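This report covers an enclosed space, charge pairing and surface charge. Please have the viewer open while reading.

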Amino acid sequence: MADKVKGVIKKLKIWRSLKFRLFVILFLMGLVPTLIIKEGILQNYENRAVAVRQSDVQNQLKIIANHLITYNYLQDTSSEVINAELEQLSNLYSGRVLIINGNLKVVKDTYGISEGRTIISEEVIKCLKGTTMSNYDEKNGFIEITTPIVETVSAQTATDKIPEGTELTRGVLLTSVSTDIIRSTLDILDHRAFIIMIIMFVCILVIAMVLTQILIRPFDRISRAINEIKDDHIDEPISVPDYLETEHIVDAFNSLIRRMKIVDNSRQEFVANVSHELKTPITSMKVLADSLLGQQDVPVQLYREFLVDIAEEIDREDKTINDLLALVKMDKTAAKLNISVVHMNNLAEIILKRLRPIARKNDIELNLVSAREVLAEVDEVKMSLILTNLVENAIKYNKEHGEVTVTLDADHQFFTVEVADTGIGIPEDAMLQIYERFYRVDKSHSREIGGTGLGLAITKSAIRLHRGTIRAESKLGEGTRFLVKMPLIHGST
Ligand code: ADP
């Protein structure tokens with residue numbers, strides 16, 4: 001049942017509104033204390049009024065009890081003075097007085113009903129032993145009081161057994177007084193309190209509504225600002241510093257917008273770069289073809305030369321497209337690494353062997369230094385791509401008779417591959433950009449030697465997929481050192 005109620009509450013859309021919740025909280029915070037105060041005051045009044053009445057009646061009864069002894073009323077009930085006093089008391093408090101003697105016999109009843117009867121009740125018996133008792137019967141609206149009628153032994157009546165001053169209980173005054181007057185005062189007070197409560201209720205309702213509206217306003221402002229950005233395509237950061245919470249939301253939103261802007265800019269830049277890179281070989285081919293077509297009786301030798309150039313341009317186009325595909329694949333298959341345990345020393349050896357013919361053309365020496373045997377959990381194809389790209393660059397941007405050294409090392413957690421060359425180096429201000437797609441330090445030189453500007457971007461993506469890092473150190477004119485660090489066990493970092 002409780003779950004059902006919870007389910008219904010959850011489904012109620014209004015309950016999910018912060019505005020509504022705040023309103024309910026504020027309203028209850030105003031209403032509950034008011035109700036408690038009202039109930040408290042009325043209850044307090046009732047207790048106090050009953051206590052005052054009890055003590056008033058008890059005082060009167062004590063005086064009457066003394067008079068009863070003085071006038072020997074328990075034996076002779078004809079005393080007019082006493083009867084008048086009893087009459088006055090019962091009229092004043094709309095009550096009934098029973099006078100009971102030591103034999104539990106009623107000698108006087110102001111209602112005249114129970115005279116001569118014997119009353120055996122716990123209260124009366126206790127009272128005969130000297131205890132005064134007072135009970136408030138809230139339900140029936142009366143207070144019942146038992147007062148002992150006590151005689152103090154005088155010098156004349158004193159005996160050896162009962163010395164002077166002894167207090168003897170001769171009978172009991174059993175009185176019940178109405179509390180109707182207290183009830184009716186209470187009803188009047190209750191009625192007035194109810195009217196005040198209604199006024200308070202309306203005031204609290206209005207205050208809660210106004211306060212909720214004020215408190216919730218910054219959140220409305222945030223949604224308005226976000227909608228403005230959405231509709232008018234503004235990319236100014238928004239600011240709602242009213243609360244720390246709204247400031248946090250706005251900060252997060254602004255940084256999201258900033259990030260989206262960066263992504264959008266880099267996407268635009270990428271598309272522009274791709275178009276440019278793909279267009280360049282096509283333009284060259286068009287120029288070459290046009291110049292052949294524009295001439296008459298072109299010698300076969302020239303045809304051959306131009307066709308060789310055109311074939312080179314086609315190769316470049318092909319390489320750029322292949323690199324682009326590799327890059328896109330790297331982004332797409334983020335989760336799909338084909339992990340196996342790879343003997344890194346062997347892999348490096350194979351790659352160096354494959355690249356040696358290219359290195360030999362420029363008389364560049366390729367060395368492999370294995371500080372230890374390295375077995376690592378990696379994607380072999382991607383790892384080959386990383387090593388090939390780095391070593392290829394080290395050959396491409398080297399000097400004649402230069403050197404490339406690949407060093408493999410590992411600790412208990414990571415393995416490192418260092419590719420160091422004695423080449424042209426990278427200027428310091430270009431160090432951060434070399435990993436960007438299509439970035440080349442010297443565009444024409446890179447193109448001449450067949451670079452697409454995508455090699456390091458692909459390398460960095462592949463390293464990141466393995467949760468590794470890459471960094472470079474370089475001295476212009478002296479050489480460059482790339483250091484790759486990767487976990488030995490896949491998924492351990
Ligand atoms: P590219 O296809 O042009 O080689 P890369 O992304 O592999 O593209 O490299 C980007 C740029 O970084 C290169 O154009 C080159 O200027 C520079 N670079 C990369 N590796 C080296 C290196 N070992 N020595 C000097 N410059 C390098």
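Which residues line the largest cavity?

## The cavity

The model is predicted. In this model, the lining of the largest cavity is made up of E277, P281, R316, T320, R440, R447, G451 and T452. Two elements give two or more residues to that lining: α6 (244–293) and α7.

The largest cavity holds about 40 Å³ of space. With a cut-off of 30 Å³ or more, the count is 1 cavity.

## Salt bridges

Side chains of opposite charge can pair when their charged atoms come close. How many salt bridges does the structure hold? The total is 18 salt bridges.

One pairs the side chains of R170 and E151, with 2.6 Å from N to O. This pair links distant parts of the chain. R170 sits in strand β5 (residues 167–178). E151 sits in strand β4 (residues 142–152). The two residues are 19 residues apart.

## Surface charge

Which residues form a negative surface patch? The patch consists of E305, D309, E312, D315 and D318. One of these, E312, belongs to helix α7, which spans residues 300–332.

Helix α7 thus appears twice in this report. It gives two or more residues to the lining of the largest cavity, and it contains E312 of the negative patch.

Note on methods
Residues are numbered from 1 along each chain as its sequence is written. This is a predicted model: local features need pLDDT of at least 70, side-chain atom pairs count only at pLDDT 80 or more; totals for chains, interfaces and linings use all residues. Side-chain values use heavy atoms; hydrogens and water are left out. Patches are made of residues with over 30% relative accessible area and no salt bridge: like charges are joined within 9 Å, nonpolar side chains (Val, Leu, Ile, Met, Phe, Trp, Tyr) within 5 Å. Accessible areas come from the Shrake-Rupley method with a 1.4 Å probe; for residues, only the protein chains shown count as cover. A salt bridge is a side-chain nitrogen of Lys or Arg within 4 Å of a carboxyl oxygen of Asp or Glu. Lys and Arg count as positive and Asp and Glu as negative; His and the chain ends are not counted. The place of a charge is taken as NZ of Lys, CZ of Arg, CG of Asp or CD of Glu. Helices (H or I, at least four residues) and strands (E, at least two) are DSSP runs, numbered from the N terminus. On a 1 Å grid over the protein atoms alone, a cavity is a set of points where a 1.4 Å probe fits but cannot get out, and a pocket is an open set with protein on both sides within 12 Å along at least five of seven lines; lining residues have an atom within 4 Å of a point. Grid points are joined across faces, edges and corners, and a volume is the space filled by probe spheres set on the points.
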